Amino acid sequence: MIDAGVISLDMVGGATDREERFRALVESHRERAVRLAWRLLGGDRSAAEDVAQDAFLRAYRGLARFRDEARLDTWFYRILVRQAESHRRWRAVRALWSGPSEDEPADPSPAAVPDPVVQQRIAVALDRLPAGQRRAFVLVHMEGFTVEESAVLMGKAAGTVKSHLHRALKALRADLADLRELTGGNRT
Amino acid sequence: MNERQRMDLDPEEQAFVARLADHYAPPAMTPARRAAFDRRLATRVARRAPWRVAMPAMAAVAAAALVWLAVPWSHGPTSPETPGIVAAGGSGDTATVFAAYDWFTSTAAVDAADLGEDDVLPEDYQAISEFFL
């Protein structure tokens, strides 16, 4: 829970309402936001938290103007997906300038169960996908958004998202075919 | 029916996707990590956006610019009667600029009956005046 004593309460007229709505938003979506960002950013825990923070901050600033509670989640996740994509672009530019060795690997934390090696393989396989396919796959097959919700989050048509999903699944199965952890068979 | 089934994935594909999702997830946030996340977010929320901090300064600069443009420095004198006064937009110091302003207001206050406009304007400005008026 966000500490009310720390959050600025110097505003008047609807400020308390905004603070309450914001606290509820953070409380409900903190974990999922970080997880989604983590998956979109190739398993980088620190970057995922930064991106989630940025998305929450943007949401806070826009919350006073946003009244459609029913679509609040979609609105927030749309912000998050964009933030994640911006971060990826920024990271790619930074890697170009500083060389590939500066590129951040997946979180090497020993707590990153179940298997860091498998996670790294998946991260690399996802990274090889075109951006649209990667986003669609993570949103629908990993985060459980519907195709229609994902289409809204991505700003694409539902048909496009389905096409991305089909291609992404095909590519990932081919890329990760040797991982028995995923295929359920023997490692080749 | 979940989304994977709605996507017409066969059982093998469904299993693959489910395992992928299981394997590719961050560890759950610990209470300490969650608290740190919230603290940092609260601090950032409390901090005013940089553009909001800069807004009063920018407004002050804009107001000063408007005042500067509103005051008709372009009629500023360069004639011998006003020594040491620079023309509009010049690089003179503040005292010089105020001296120019004083000169202008004192000149404008002169009774038109005693002094014609042509007498007030420097010679090189008269042609411009005739063109526009």
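A residue counts as buried here if 20 or more other C-beta atoms lie within 10 Å of its own. With that cut-off in hand, let us walk through this predicted model, starting from a single alanine. Ala52(A) has 26 other C-beta atoms within 10 Å, so it is buried.

Where does Ala52(A) sit? You will find Ala52(A) in helix H2 of chain A. If we leave aside the neighbours within four places in sequence, its contacts are Ala33(A), Val34(A), Ala37(A) and Leu80(A). The last of these is worth a look on your screen: Leu80(A) is 28 residues away along the chain, yet the C-alpha atoms of Ala52(A) and Leu80(A) are separated by 6.5 Å.

Leu80(A) leads us to the next helix, since Leu80(A) is one of the H3(A) residues that meet H2(A). The axes of H2(A), residues 45-63, and H3(A) come within 9 Å and cross at roughly 135°. That angle makes H2(A) oblique to H3(A), and the crossing is right-handed. On the H2(A) side you will see Ala47(A), Val51(A), Ala52(A), Asp54(A), Ala55(A), Arg58(A) and Ala59(A), and facing them in H3(A) are Phe76(A), Ile79(A), Leu80(A), Gln83(A), Ala84(A) and His87(A). By class, this contact has nine nonpolar, two polar and two charged residues.

H3(A), which covers residues 72-98, also packs against H6(A), at an angle of about 55° and with the axes 8 Å apart. H3(A) and H6(A) are therefore oblique to each other, and their crossing is right-handed. Thr74(A), Tyr77(A), Arg78(A) and Val81(A) of H3(A) make the contact with Glu149(A), Val152(A), Leu153(A) and Met154(A) of H6(A). Five of the residues in this contact are nonpolar, one is polar and two are charged.

Now follow H6(A) to its other partner. H6(A), residues 147-154, packs against H7(A), residues 158-175, at an angle of about 105°, with their axes 8 Å apart. This makes H6(A) roughly perpendicular to H7(A). Val147(A), Glu148(A), Ser150(A), Ala151(A) and Met154(A) come from H6(A), while H7(A) brings Ala158(A), Val161(A) and Lys162(A). The contact of H6(A) with H7(A) is made up of five nonpolar, one polar and two charged residues. Met154(A) appears in the contact with H3(A) and again in the contact with H7(A).

Let us step back along the chain to H5(A), residues 131-142. At 1.5 Å a residue its twelve residues should span 16 Å, and its end C-alpha atoms are 15 Å apart, which agrees. Is H5(A) largely enclosed or largely open? Ten of its twelve residues are buried, so H5(A) is largely enclosed by the rest of the structure. Among the buried residues are Arg134(A), Arg135(A), Phe137(A), Leu139(A) and His141(A). After H5(A) comes Gly144(A), with a positive phi near 80°.

Finally, turn to where the two chains meet. Chain A contributes 41 residues to the contact and chain B contributes 26. On the side of chain B that touches chain A, helices H1 (3-6), H2 (11-23) and H3 (31-46) of chain B each supply at least two residues. Which of them gives the most? That is H3(B), with ten residues. Looked at by class, this side of chain B has 16 nonpolar, two polar and eight charged residues.

Definitions and conventions:
Residues are numbered from 1 along each chain as its sequence is written. Chains are lettered from A and ligands numbered from 1 in the order in which they are written. This is a predicted model: local features need pLDDT of at least 70, side-chain atom pairs count only at pLDDT 80 or more; totals for chains, interfaces and linings use all residues. Axes are lines fitted to C-alpha atoms, for helices over the stretch in contact, and angles run from 0 to 180 degrees between N-to-C directions. Helices (H or I, at least four residues) and strands (E, at least two) are DSSP runs, numbered from the N terminus. Angles under 35 degrees count as roughly parallel, over 145 as roughly antiparallel, 65 to 115 as roughly perpendicular and the rest as oblique. Two residues are in contact if their C-beta atoms, placed from the backbone, lie within 7 Å. Ala, Val, Leu, Ile, Met, Phe, Trp, Tyr, Cys and Pro count as nonpolar, Asp, Glu, Lys and Arg as charged, and the others, Gly among them, as polar. A crossing is left-handed if the near helix is turned anticlockwise from the far one by less than a right angle, and right-handed if clockwise. The expected span of a helix is 1.5 Å times one less than its number of residues.
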